[in-house]
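Subject: Structure handover and notes

Dear colleague,

Please find below the structure that I am handing over to you. My notes on it come straight after, and I hope that they help you find your way around it.

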Amino acid sequence: MKIATANPDIGNAKKFFTEGIANTKNKNYEQAVDNFSKAIELNTNFASAYSNRCLVYLQWGKYEQAIADCHQAIKLNPENLEANLNLGLAYYEIGNYQQAVTEYTQVLNQSYNDFRALYNRGLANFELNNYQEAIADYNLILANTQQDANFNQADIYNERGLAYLMSKNMHKAMADFSYAIYIDSGNSRAYYNRGCVCSKMGNIEGAMADFSKTLKLNPHEAQAYLNRGLLRQESGLYQAAMQDLQAAAKCFGDRDNMAAYHHTQALIDGLQKWLLLSNQTAIG
């Protein structure tokens with residue numbers, strides 16, 4: 001009687017797979033990709049190796065490679081919802097928001113209350129200007145009492161508030177940003193967003209207060225300096241406005257956002273010329 005022997009390639013593939021998991025955890029992405037690739041060479045049907053290599057490519061910012069691996073993982077194991085989630089993330093990162101929505105919907109068709117898929121689909125719908133669909137996704141998360149502990153409720157209110165803001169529903173946007181602040185008083189994004197709503201509603205004092213709080217929490221938020229500077233200029237606080245615009249320009253420059261830097265610098269130049277002209281007129 002012939003005794004069946006274990007396939008050494010399968011065993012070695014699992015060994016490389018285990019090493020790949022360890023290197024992924026240690027953020028040794030190049031080594032992890034090499035591990036998973038060797039596992040796949042030894043076992044071309046190793047769905048988990050494709051799926052995990054996809055995850056490494058995602059974390060490494062190599063989105064096209066991630067997409068290819070996710071498709072292969074799904075082909076080998078159509079029930080792999082994690083691969084669909086990762087595929088959605090990769091499509092989102094390359095700006096293919098419609099395909100991202102499709103992938104997240106695929107997950108939700110099988111797991112209707114998956115918070116990650118709902119949240120990410122909401123983000124993709126927002127980018128597609130599908131604001132009502134985004135709001136509906138966030139509503140589904142907030143309506144579920146068994147919320148995922150990995151999700152910060154303040155973030156959900158923040159994102160829904162942005163969708164309301166873009167829908168020109170200022171009162172609901174204000175309510176969501178205020179509630180995000182109530183949940184998380186250190187949420188600089190919520191203060192910034194509420195400042196934008198205040199500004200649009202003509203509440204200049206409230207807007208400046210919120211932008212100031214944003215900057216207290218995040219001193220490098222260039223857009224908050226810019227917005228507060230423009231409001232201060234509008235309010236006749238010219239020296240304070242100049243300081244804000246200069247701080248905004250520096251922050252934009254530090255982040256290599258040169259388009260915003262040059263735009264802000266043009267505002268500074270305009271304000272300087274106006275102040276010089278005003279002084280000359282006053283002297284004359």
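What follows goes through some helix contacts, then some salt bridges, and at the end two loop residues.

Please bear in mind throughout that this is a predicted model.

Helix contacts

I would begin with helix α7, which covers residues 115-127, and helix α8, which covers residues 131-143, since their axes come within 8 Å and cross at roughly 160 degrees. Because angles over 145 degrees count as roughly antiparallel, α7 is roughly antiparallel to α8. The crossing in which α7 passes α8 is left-handed. On the α7 side the contact is made by F115, L118, Y119, R121, G122, L123, N125 and F126, while α8 contributes Y131, E133, A134, D137, Y138, L140 and I141. If one sorts the residues of this contact of α7 with α8 by character, 10 are nonpolar, two are polar and three are charged.

The second pair to look at is α3 and α5, whose axes come within 10 Å and cross at roughly 25 degrees. With angles under 35 degrees counting as roughly parallel, α3 and α5 are therefore roughly parallel to each other. Here, too, the crossing is described as left-handed, with α3 passing α5. The residues that make the contact are S51, C54, L55 and L58 from α3, together with A83, N86, L89 and A90 from α5. In this contact of α3 with α5, six residues are nonpolar and two are polar, and no charged residue takes part.

Salt bridges

Side chains of opposite charge can pair when their charged atoms come close. In this structure there are 12 salt bridges, and I describe some of them here.

One of them joins the side chains of D69 and R53, with a distance of 2.5 Å from N to O. Since D69 belongs to helix α4 (residues 63-76) and R53 to helix α3 (residues 47-60), this pair ties together parts that lie 16 residues apart in sequence. Both D69 and R53 are buried.

Another salt bridge is found between the side chains of R116 and E82, at 2.9 Å from N to O. R116 sits in helix α7 and E82 in helix α5 (residues 81-93), so that the parts tied together by this pair are 34 residues apart in sequence. R116 is partly exposed, its relative accessible area being 32%, and E82 also counts as partly exposed, at 38% relative accessibility. These two residues also belong to a network of salt bridges that links E82, D114 and R116.

R160 and D176 form a further salt bridge, in which the closest N and O atoms are 2.7 Å apart. As R160 lies in helix α9 (residues 153-166) and D176 in helix α10 (residues 170-183), the pair ties together parts that are 16 residues apart in sequence. R160 is buried, and D176 is buried as well.

Two loop residues

Finally, you may want to look at the backbone of N129, where phi is near 65 degrees, a positive value in a residue other than glycine; N129 has its place in the loop between α7 and α8. K168, which is not a glycine either, has a positive phi of about 65 degrees, and is found in the loop between α9 and α10. At 67% relative accessibility, K168 counts as exposed.

With kind regards

Conventions. Residues are numbered from 1 along each chain as its sequence is written. This is a predicted model: local features need pLDDT of at least 70, side-chain atom pairs count only at pLDDT 80 or more; totals for chains, interfaces and linings use all residues. Side-chain values use heavy atoms; hydrogens and water are left out. Axes are lines fitted to C-alpha atoms, for helices over the stretch in contact, and angles run from 0 to 180 degrees between N-to-C directions. Helices (H or I, at least four residues) and strands (E, at least two) are DSSP runs, numbered from the N terminus. Angles under 35 degrees count as roughly parallel, over 145 as roughly antiparallel, 65 to 115 as roughly perpendicular and the rest as oblique. A crossing is left-handed if the near helix is turned anticlockwise from the far one by less than a right angle, and right-handed if clockwise. Contact means heavy atoms within 4.5 Å. Ala, Val, Leu, Ile, Met, Phe, Trp, Tyr, Cys and Pro count as nonpolar, Asp, Glu, Lys and Arg as charged, and the others, Gly among them, as polar. A salt bridge is a side-chain nitrogen of Lys or Arg within 4 Å of a carboxyl oxygen of Asp or Glu. Buried means under 20% relative accessible area, exposed over 50%, partly exposed in between (1.4 Å probe, protein chains only).
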